[in-house]
Amino acid sequence: MANSHFSHAKDNAYQGIFEQYITDASFLWLLRSINVNQPHYNLEDLAELEQRIDNNLDALMHNFELSWELCQSELAFEQAGETFTAAIIAFRSRDINKIKFIVQHAFTNDETFKGMVSALGWLPKSLVADWLTKFLYSKDLNHKYLALAVCSLSLIHISEPTRPY
């Protein structure tokens, strides 16, 4: 178990690089959310910005555990960009505990909710469709609200699925 110390961010030689990826992805998402409504930004500019966001998110996929651990500390800011980045990590990891954590965090305030909705709209439908169905059929009204917000944002149509029990 010589590599067991790599599970702790403070001991990881790549911590600084991963922190920068998280910071950049969060900031670039914020920049995109502002500039999407700006008249001086055209589709080409937005596509370039989205590619930069994707590049940072893809880099974080090389070490889910380190990325998640660092994202969790960023969630203390309760901001949309940090929530967006953490949600991408959680859903791409397919770890139920991470997903439950970030979904709960999404309801902290309007900003964190906005970041969560954006992340679920950003991810491929194959990663989020089952979760959206579960949220729609949940007894928790917050979950229903989240699912409806994502579906309306992405124009996702959830056909009559088998109810999850």
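## Report on an eight-helix protein chain

Lysine 134 lies over the face of tryptophan 131, with a distance of 4.7 Å from the ring centre. The model in which this arrangement appears is predicted. Tryptophan 131 also takes part in a ring pair with phenylalanine 91: the two ring centres are 6.0 Å apart and the planes stand at 85 degrees, so the pair is edge-to-face. This pair links distant parts of the chain, since phenylalanine 91 belongs to helix α4 and tryptophan 131 to helix α7, 40 residues apart. Phenylalanine 91 and tryptophan 131 are both buried.

**Overall architecture and confidence**

The secondary structure of the protein chain consists of eight helices and zero strands. Read from the N terminus, the order of elements is α-α-α-α-α-α-α-α. The chain has 165 residues, and buried residues make up 40% of them. Among contacts between residues at least 6 apart in sequence, 70% join residues at least 24 apart.

The average pLDDT of the protein chain is 90, and 87% of the residues score at least 70. Two stretches score lower than 50. Over residues 160–165 the pLDDT is below 50, and this stretch has seven contacts in the model beyond near neighbours in sequence. Over residues 1–7 the pLDDT stays under 50 as well, and the model has three contacts for them beyond four places in sequence. Where pLDDT is low, the predicted coordinates should not be read in detail.

**Helix α1 and its surroundings**

Helix α1 covers residues 15–35 and has 21 residues. From its first C-alpha to its last, α1 reaches 30 Å, which is close to the 30 Å expected at 1.5 Å a residue. Which residues of α1 are buried? They are Gln15, Phe18, Ile22, Ala25, Ser26, Leu28, Trp29 and Asn35. The elements that cover these buried residues include α2 (43–60), α3 (64–74), α4 (80–93) and α6 (110–122). Trp29, which is among the buried residues of α1, also forms one aromatic cluster with Phe84 and Trp122.

**Aromatic pairs**

How many aromatic pairs does the structure hold? The structure holds eight aromatic pairs. One of them joins tryptophan 68 and phenylalanine 101, whose ring centres are 5.8 Å apart and whose planes are at 85 degrees, so the pair is edge-to-face. Tryptophan 68 lies in helix α3 and phenylalanine 101 in helix α5 (residues 96–106), 33 residues apart, and the pair thus links distant parts of the chain. Tryptophan 68 counts as buried because its relative accessible area is 6%, whereas phenylalanine 101 counts as partly exposed because its relative accessible area is 38%.

**Residues in the loops**

Two residues other than glycine have a positive phi, as the table shows.

| Residue | Phi | Loop | Relative accessibility |
|---|---|---|---|
| Glutamate 78 | near 50 degrees | between α3 and α4 | 35%, partly exposed |
| Arginine 94 | near 60 degrees | between α4 and α5 | 61%, exposed |

Most residues other than glycine have a negative phi. Glutamate 78 counts as partly exposed because its relative accessibility is 35%. Arginine 94 counts as exposed because its relative accessibility is 61%, and the cut-off for exposed is over 50%.

A further loop residue is serine 138, placed between α7 (125–136) and α8 (141–154). Is serine 138 buried or exposed? Serine 138 is buried because its relative accessible area is 16%, and buried means under 20%. What does the side chain of serine 138 reach at 3.0 Å? The side chain of serine 138 reaches the backbone nitrogen of aspartate 140 at this distance. Leaving aside neighbours within four places in sequence, serine 138 is in contact with His143 and Lys144.

Terms used
Residues numbered from 1 in each chain as written. Predicted model: local features only at pLDDT ≥ 70, side-chain atom pairs only at ≥ 80, totals over all residues. Heavy atoms only, no water. Helix = DSSP H or I, 4+ residues; strand = E, 2+ residues; numbered from the N terminus. Buried < 20%, exposed > 50% of the residue type's maximum accessible area, 1.4 Å probe, protein only. Contact = heavy atoms within 4.5 Å. Polar contact = N/O pair within 3.5 Å; in protein donor to acceptor, adjacent residues only side chain to side chain. pLDDT = per-residue confidence, 0-100. Expected span 1.5 Å × (residues − 1). Phe/Tyr/Trp six-rings, centres within 6.5 Å; stacked < 30°, edge-to-face > 60°. Lys NZ or Arg CZ within 6 Å of the ring centre and 35° of its normal.
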